[in-house]
Amino acid sequence: MSVVNRVSKLFQVQYPIVSGGMVYCSGWRLASAVSNAGGLGLLGSGSMSHELFVRQLQQCKQATDKPFGVNVVINRDVSAYMKTIIEEKVPIVFTSAGSPKVYTKELQKHGITVVHVVPSLKLALKCQAEGVDAVVVEGTEAGGHNGLEEITTMCLVPNVRAHLDPAIPVIAAGGIGHGRAMAAAIALGAEGVQVGTRFAVTQESSMADKTKELLTHAKEGDTVLTIKQIGPTRMYLNEFGKKMHQMSVANASKEEMAAAYGKHNTRRGMLEGEVVDGEIEIGQVVAQCEGAIPTAAEVVKGMVSEYNEAIDSLSRQKL
């Protein structure tokens, strides 16, 4: 059974379920697996050199004949990535961590669907002004980089939907890992969901197996939004996370925080399996990722089944 709405039509997919373009997790295996299961898989280019990105893009094309996209973090020089995306005719691009003004029109000129990720209504309205095709609104529950305002998904989605041009579809993100959460997001006014953490802890994710195993034992409260001095980030409270949070609470300077944060700790924690002293960017929904590590297809199938059950249940509870 397909969930047909404006988001699934926009991406030409069976289900309006998007895998987040997560650094060190969203390689070609995960992106193609989600797309093959009926969702929209995203390559996370933010942790890839341009050379690696080109290889990953080609591998993804070989692994699926379904639509897939690329997430591009645009707070750095990504001109080479965008050139490749245009040349390779990637159909969908999600941009984040920068202004939608920079690339939206150029990509759309080449027939590419553009979606921008924001943590607030203020930034969603900027996306509207630039003519994006859809907006992802990401609540503070989400892993990794976040908004300073700490707006929850429950508050953010309906507020954006109420003030954004009705012609622009809203995709909800942050704290969504199961079908019941997807049903809640749709009820709030979204027409699709972007799922990060649940797909990060799957068999096809390029996250280190050791890190995945650690996260299957995560409990409520094991993540924290911290290091606001250098950029609010939700991370797992291992020794590295605790150290960074303690410095943040103690009001360490931006320079002190940056020095302690380092340059490669995210890679060490996410890709290399340094589960004690490496950074692990993950969302609050990780507490629901206990048990055996599923495939991406199992996650999609489970979400759709739970979504339909939730919708059926709600339809019998009219007031």
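**Close-up 1. Lys89, a residue with a positive phi in a loop.** Let's start with the loop that links α4 (79–87) to β4 (92–96), which is where Lys89 lies. This is a predicted model. With a relative accessibility of 69%, Lys89 counts as exposed, because exposed here means over 50%. Its backbone is worth a look too: the phi of Lys89 is positive, about 55°, even though the residue is not a glycine.

**Close-up 2. Tyr24, another loop residue with a positive phi.** Now hop over to the loop between β1 (17–19) and α2 (28–36), the place of Tyr24. Here again we have a residue other than glycine with a positive phi, this time near 65°. Is Tyr24 buried or exposed? Tyr24 is at 18% relative accessibility, so it counts as buried, the cut-off being under 20%.

**Close-up 3. The eight-stranded open sheet.** Reading across this sheet, the strands come in the order β1-β9-β8-β6-β5-β4-β3-β2, and their pairing is parallel. Which strands stand at the edges? They are β1 and β2 (41–44); each has a single partner strand, so one side of each is left with no neighbour in the sheet. Going from one strand to its neighbour, the turn averages 25°, direction ignored. For a look at one edge, find β1 and its partner β9 (residues 192–195): the two run parallel and are joined by three bridges. Ser19 is a handy landmark here, standing opposite Val195 in β9.

**Close-up 4. Helix α2 on the eight-stranded sheet.** Stay with the strands of that sheet and bring α2 into view. This helix lies across β1, β2 and β3 (68–73). Against β2, α2 runs at about 165°.

**Close-up 5. The three-stranded open sheet.** This sheet has the strand order β7-β11-β10, with antiparallel pairing. At its edges are β7 (144–145) and β10 (223–226), each of them pairing on one side only. Zoom in on β10 and β11 (residues 233–236) and you'll find four bridges in the antiparallel sense. To get your bearings in this pair, look for Val224, which stands opposite Met235 in β11.

**Close-up 6. Where helices α8 and α14 cross.** The axes of α8 (residues 179–188) and α14 (residues 296–315) come within 7 Å, crossing at roughly 55°. That angle makes α8 oblique to α14. Their crossing is right-handed. Which residues make the contact? From α8 come Gly179, Arg180, Met182, Ala183 and Ile186, while α14 brings Met303, Glu306, Tyr307, Ala310 and Ile311. Sorted by kind, the residues of this contact are seven nonpolar, one polar and two charged.

**Close-up 7. The buried residues of helix α6.** In α6 (residues 121–130), the buried residues are Leu121, Ala124, Cys127 and Glu130. A bit of helix geometry helps when reading this view: an α-helix has 3.6 residues a turn, so residues three or four places apart point the same way. What covers the buried residues of α6? The cover includes α5 (104–109), β5 (113–118), β6 (134–138) and α7 (153–163). Just past the helix, Gly131 follows α6 with a positive phi near 80°.

Terms used
Residues numbered from 1 in each chain as written. Predicted model: local features only at pLDDT ≥ 70, side-chain atom pairs only at ≥ 80, totals over all residues. Heavy atoms only, no water. Buried < 20%, exposed > 50% of the residue type's maximum accessible area, 1.4 Å probe, protein only. Pairing = 2+ DSSP bridges. Axes fitted to C-alpha atoms, helices over the stretch in contact; angles between N-to-C directions. Contact = heavy atoms within 4.5 Å. Parallel < 35°, antiparallel > 145°, perpendicular 65-115°, else oblique. Left-handed = near helix turned anticlockwise from the far one by under 90°. Nonpolar A, V, L, I, M, F, W, Y, C, P; charged D, E, K, R; others polar.
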